[in-house]
Structure formats: structure tokens, C-alpha cells
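Let's take a walk through this structure together. Have the sequence and the 3D view open, and we'll go from the outside in.

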Amino acid sequence: MGPDFTGAVNLGLDHGMWRPRNWQDIVSAAAGGLLDESRWVDLKRELKAGRPGNNDLAMGLWI
């Protein structure tokens, strides 16, 4: 179980904005194929703390 999620996610031109209610919504969407990695979505289960985690996230979004 993770934190509640209050933001919106842009799933791209085909799907538009999506507002998951909690972490389980995100996990279910990823397992169901709704959240494919793209220029809009970078899936990470965990990030390292501090600069290494920030660099890893930035590289995932850049590529």
C-alpha cells in the first residue's frame, strides 16, 4: 500500500487526463496495461534518495 495520490496524470493524446484515487489504482492501471512507459509516463517502483534518485528519474523521462 502506498500514499494517496491527489494529482492527475496525462496519459497522452489517446487517453487524456486520468486521476487515480490511490496507489492501488496506479498499480492496477500499470498491471492492466493502461500505464505504458512513454514520453508522458515513466514507471518506477522505487527511487534512490537524493541526487542519485533524481538523476535516475530525469534520465528515464529524458529518453
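## A guided tour

Start with the surface: the protein chain exposes about 5,300 Å², and carbon and sulfur atoms supply 54% of that area. Keep in mind that what you're looking at is a predicted model. The pLDDT of the protein chain averages 77, and 86% of the residues score at least 70. That confidence varies along the chain: it is lowest in strand S1 (residues 9-10), with a mean of 74, and highest in helix H1 (residues 23-31), at 86.

Now for the overall layout. The secondary structure of the protein chain consists of two helices and two strands. If you trace the chain from the N terminus, the elements come in the order β-β-α-α. Of the chain's 63 residues, 19% count as buried. As for contacts between residues at least 6 apart in sequence, 13% of them join residues that are at least 24 apart.

So what sits together on the inside? In soluble globular proteins, nonpolar side chains tend to be buried together. Here, the largest nonpolar core has seven residues: Val9, Leu11, Trp18, Ile26, Ala29, Leu35 and Val41. Pick out Ala29 as a way in. Setting aside its neighbours within four places in sequence, Ala29 is in contact with Trp18, Leu34 and Leu35. Two of those partners, Trp18 and Leu35, are listed in the core as well.

Trp18 also leads us to the next stop, Asp25. This residue lies in helix H1, and it touches Trp18 and Pro20, not counting residues up to four places away in sequence. Is Asp25 buried or exposed? Asp25 counts as buried because its relative accessible area is 16%, and the cut-off for buried is under 20%.

Asp25 has a partner worth finding, too. Side chains of opposite charge can pair when their charged atoms come close. The structure holds one salt bridge, and it links Arg21 with Asp25, whose closest N and O atoms are 2.9 Å apart. The two ends sit in contrasting surroundings: Arg21 has 63% relative accessibility and so counts as exposed, whereas Asp25, at 16%, is buried. There's a further link between this pair, as a polar atom of the Asp25 side chain lies 2.7 Å from the backbone nitrogen of Arg21.

Moving along the chain, look for Glu37 in the loop between H1 and H2. Leaving out residues up to four places away in sequence, Glu37 touches Asp42 and Leu43. Glu37 and Leu61 are 24 residues apart in sequence, and their C-alpha atoms are 9.3 Å apart in space.

That brings us to Leu61 itself, which is found in helix H2. With a relative accessibility of 48%, Leu61 counts as partly exposed, because exposed would call for over 50%. Leu61 can also be set beside Val41, one of the core residues. Leu61 and Val41 are 20 residues apart in sequence, with a C-alpha to C-alpha distance of 7.7 Å.

Our last stop is Gly53, also placed in helix H2 (residues 50-62). Which residues does Gly53 contact, leaving aside its neighbours within four places in sequence? They are Leu47 and Lys48. At 1% relative accessibility, Gly53 counts as buried. Helix H2 therefore holds both a buried residue, Gly53, and a partly exposed one, Leu61.

Conventions
Residues are numbered from 1 along each chain as its sequence is written. This is a predicted model: local features need pLDDT of at least 70, side-chain atom pairs count only at pLDDT 80 or more; totals for chains, interfaces and linings use all residues. Side-chain values use heavy atoms; hydrogens and water are left out. A nonpolar core is a set of buried Ala, Val, Leu, Ile, Met, Phe, Trp, Tyr and Cys residues joined through side-chain atoms within 4.5 Å. Buried means under 20% relative accessible area, exposed over 50%, partly exposed in between (1.4 Å probe, protein chains only). Contact means heavy atoms within 4.5 Å. pLDDT is the predictor's confidence in each residue, from 0 to 100. Helices (H or I, at least four residues) and strands (E, at least two) are DSSP runs, numbered from the N terminus. Accessible areas come from the Shrake-Rupley method with a 1.4 Å probe; for residues, only the protein chains shown count as cover. A polar contact is a pair of N or O atoms within 3.5 Å; within protein, one must be able to donate a hydrogen and the other to accept it, and residues adjacent in sequence count only if both atoms are side-chain atoms. A salt bridge is a side-chain nitrogen of Lys or Arg within 4 Å of a carboxyl oxygen of Asp or Glu.
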